[in-house]
Amino acid sequence: MDTPMISRLEQRIERLRQQPRAIRFAARNPVLVAGSLLLLGILLLALFAPWIASHDPTEMNVIERLKPPSAEFLLGTDALGRDIFSRTLYGARVSLLVGVSVALLSALIGIFVGTVAGFNRLADKLIMRVMDGMMAIPGILLAVALMTLIHASISTVVIAIALPEIPRVVRLVRSLVLTIREQPYIQAAQAMGTRFPLVLIRHVIPNLLTPLIVQASFIWASAMIFEAYLSFLGAGTPPEVPSWGNMMAEGRSVVQLAFGIILYPGIFLGLTVLAVNLVGDGLRDLLDPRIARKL
Amino acid sequence: MTTPHPDQSPVAPILAVEDLCIAFVSRDGIVRAVDGVSWQLRPAEMLGIVGESGCGKSVTAMSVLKLLPGPPAMYSSGSIRFRGEELLTASEARMRQLRGNAISMIFQDPMTSLNPVLTIGEQIAEVLILHQNLSKRAAWNRAGEMLDLVGIPDPRQRLRDYPHQFSGGMRQRAMISLALACNPAVLIADEPTTALDVTIQAQIMELLARLRREMGTAIVLITHDLGVVAECCDRVVVMYAGNKVEEADVSALFSRPCHPYTRGLLAAMPGLDVAADAGHRRLAEIPGMLPSLKQAAVGCRFAPRCAAAQERCHGTIPELAPVAREAPDHLAACFRAGEAYRGELA
Amino acid sequence: MNRPAITALPTTTPPLLDVRNLVKHYPTRTFWRDSPPVKAVDGVSFSLAEGETLGLVGESGCGKSTAAKTLLRLIEPTSGEIFFAGTDIAKLSPHSFRPYRREMQIVFQDPYASLNPRMRARDIVAEPLRNFGWDNRHGGERVADLFHRVGLNPDALRKYPHEFSGGQRQRLGIARALALNPKLIVCDEPVSALDVSIQAQVINLLEDLQADLGLSYIFVAHDLAVVRHISHRVAVMYLGRIVEIGTAGAIYGDPKHPYTRALLSAVPKIGTNRRSERILLKGDLPSPANPPSGCTFRTRCQQARPECAERSPQLTDNGAQHLVSCHFA
């Protein structure tokens, strides 16, 4: 026997229930779905760049320099007559590659170092002091120094961006491990005679993955911005690589003549970072049961 | 029995909850946490609300002060009247005037209502300054008296302590003194002793009983512990799955429990007083578990777990009714309560 | 159903477990100096026969849980001897102790927190089997068997802990503890997180298992009625020490120690109006880092006399294996 108000609500929920699962999921996690769709679109553009692009991204054509958008050059050309549309597509490849690599690298190192620190007191003291030291180094200076010491390449950029991120991941993993190791299920595993390495693999690491994945998605987004910074400053990806940062750096001198050279890669960078951040936020909400599910 | 017949009852209830329905609404469905519950609290009375987790007892308590967060909680019908004033439709400003002043609440975990960065004295004085317009000095003096009243040694000194400097039992006392600072007419105690050891529990229950005697506070005691209810309360409401299944005077309820759920609970409790040589009694189990509250009830909520259930129990919701003509204020929501009362039910 | 009552221990067979002078001290340090250690367990001795249940009661902070976990070396003892079937397992290296894990298991208080939320029910129960070399096929059969034994449906095998109710989770914890066919199970507050009706189900299950498998239990709880119900013998702890130990009938029917009496009188009772007899203890538990001199209970004891502060009472037998640690018992 329900009150009229409850009956009406029950009918509404029943209608919601009858919708296809995908729609229900999207209605429940709009941020995650919007971010994923946007990111998927950008990924596809990057993946199929050779087929979508109208020109070779490095092909120079001095006669066609600084052209406004046209049928041939969808977004116009830059100071060397290269097609901005094609270069932007290829730029997505660089940006995403750097972002994902930095996220993976720092997460993997973070899990390893952070778990060691969380379980061994002596190692903890040593590791945390090293991490404090690493955190004291300004990221940009470190990157510039690395670039001048080692020759510029995408992997150098990845290392340069990942290094300052590592202490943050290590701290996160360490604090998670310190919480998890006090959980009764760890003591239960000990009581059942589970050997220590298996305790790590079965019980500790699976339980720290969720927050780590969320953190990694944010590192991914910030790594893409950082890559653009570095390239813009001339300390990032080598100038011949069509990255968004390089494009914007090159467009700086001719910004009054052809604003598009900075605008279009900028828009793409913004959209990609937004997409990754939305996915990160969405994942956090989806995986965190503490955030109440509202109607 | 010496209790007056309800029809002749001279005292109007100070707090009356009537046909209260509270639902928690989410995309996954509607949980009918409280489904048509009524009870009355008379001045200086101690009313026990007992039941197991998920029965809706705490939700009922929180609802009196409207402390349940807007969505997902929804009051779908009913009324809560305090001295005749409807609270369900009262403004938030009016509720703030009442909370901690005319109606107070204490919780299982004292730290939920004590602020860790303020001293105990500051917190009690703040309430007094806010609700009673006392001067700072007068409020501080009164705060000291309050700590003394709840039996904290060295009250003037302890006013300057922070909550973490108190032990668990003392924090509970401090919270009680905070709740009672404005001399409320009604105190709602939600599992006040669940986190405490038995010896400390005994101290706290003794304290509540004394405060009721001395200050005339009416108390709603919400607990899962039938023993605590048996020792302290005047009347008991037993809840199961959002429903009130039985209500009676404390002596009547424990000497002649009529609802199968109440009977099951009592039989499931191991006792202290089993004589050593009486042989070993196997505890009576209530089989199964709590039903999902996402579906509207079509029959008695307890029927699937009930040994005395008949066919009608699954299809018709039993009304709350007196168990016998000679026991008009012993209510039970069971078709067979009369049989149970007469001792005809196994 | 009745189970065989073990009233007095047969003295001829050696006990399954014999604990002598068990001590667990936690060192504490403040900024500038070492402070005295927290004496969580301070010289506890008892024994346990095969098929027997020993209840360990006391208030929070009395060291009952620590003592129980020290038996399994989940907490390393500071000193003392733990003889399990004749071997002092307290002195064994971790490597030589490992086989004893099959013999002694534990059921935890919080059934949810003690189950890894990322593992399926069947993997949780299979974990001890895998640790001790069962292959998948036999292990699978054993797990299905255990599920049946503790009253869980076979369709629960694939579920995750959060999909179970509190009572079912505790059944899962019990199945895991049973997996290796242990002789001793330490039950650390196994029913205190459960509702009364579910609590009865779990207690009955534990009793059935004991009757069928001849298990011995160390049953740690703060609920005196539950301990009374399930235990053959009961030990009452206060500030890291056993103050009274004896058969359940003796402890509950004829408590000798003032603390036991106060504890029993504080339990709310149904039906009898015994409010007048209540012994209200004054104040709170003293700090286990700085316990009172002499008898540790004297600060809250109504019968305390000057000599209680000077001499520390020993557990002495008052006959019929009822031991009390009080000068005036």
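Student: Why is the meeting of the side chains of R282(B) and D208(C) called a salt bridge?

Tutor: A salt bridge is a side-chain nitrogen of Lys or Arg within 4 Å of a carboxyl oxygen of Asp or Glu. In this predicted model, the N to O distance between R282(B) and D208(C) is 2.7 Å, so the pair satisfies the rule. Across the interface of chain C and chain B the rule finds one salt bridge.

Student: What conventions apply to the names and values?

Tutor: Residues are numbered from 1 along each chain as its sequence is written, and chains are lettered from A in the order in which they are written. Local features need pLDDT of at least 70, side-chain atom pairs count only at pLDDT 80 or more, totals for chains, interfaces and linings use all residues, and side-chain values use heavy atoms, with hydrogens and water left out.

Student: How do you know that chain C and chain B are in contact?

Tutor: Contact means heavy atoms within 4.5 Å. By that rule, 42 residues of chain C are in contact with 43 residues of chain B. The buried area (accessible area, 1.4 Å probe, that two parts lose on being put together, summed over both) is about 3700 Å² here, with 55% from carbon and sulfur atoms.

Student: How many residue pairs are in polar contact between chain C and chain B?

Tutor: The count is 13, with both residues at pLDDT 80 or more. A polar contact is a pair of N or O atoms within 3.5 Å; within protein, one must be able to donate a hydrogen and the other to accept it, and residues adjacent in sequence count only if both atoms are side-chain atoms.

Student: What makes E127(C) and R202(A) a salt bridge?

Tutor: Their side chains are 2.9 Å apart, N to O, so the 4 Å limit is met. Across the interface of chain A and chain C, the rule finds one salt bridge. The rule for polar contacts finds 16 residue pairs across that interface, both residues at pLDDT 80 or more.

Student: What are the extent and buried area of the interface of chain A and chain C?

Tutor: 18 residues of chain A are in contact with 21 residues of chain C. The buried area is about 1800 Å², and carbon and sulfur atoms give 49% of that area.

Student: How is confidence in chain A expressed?

Tutor: pLDDT is the predictor's confidence in each residue, from 0 to 100. The mean for chain A is 87, and 97% of its residues reach 70 or more. Over residues 291-295 of chain A, pLDDT stays under 50.
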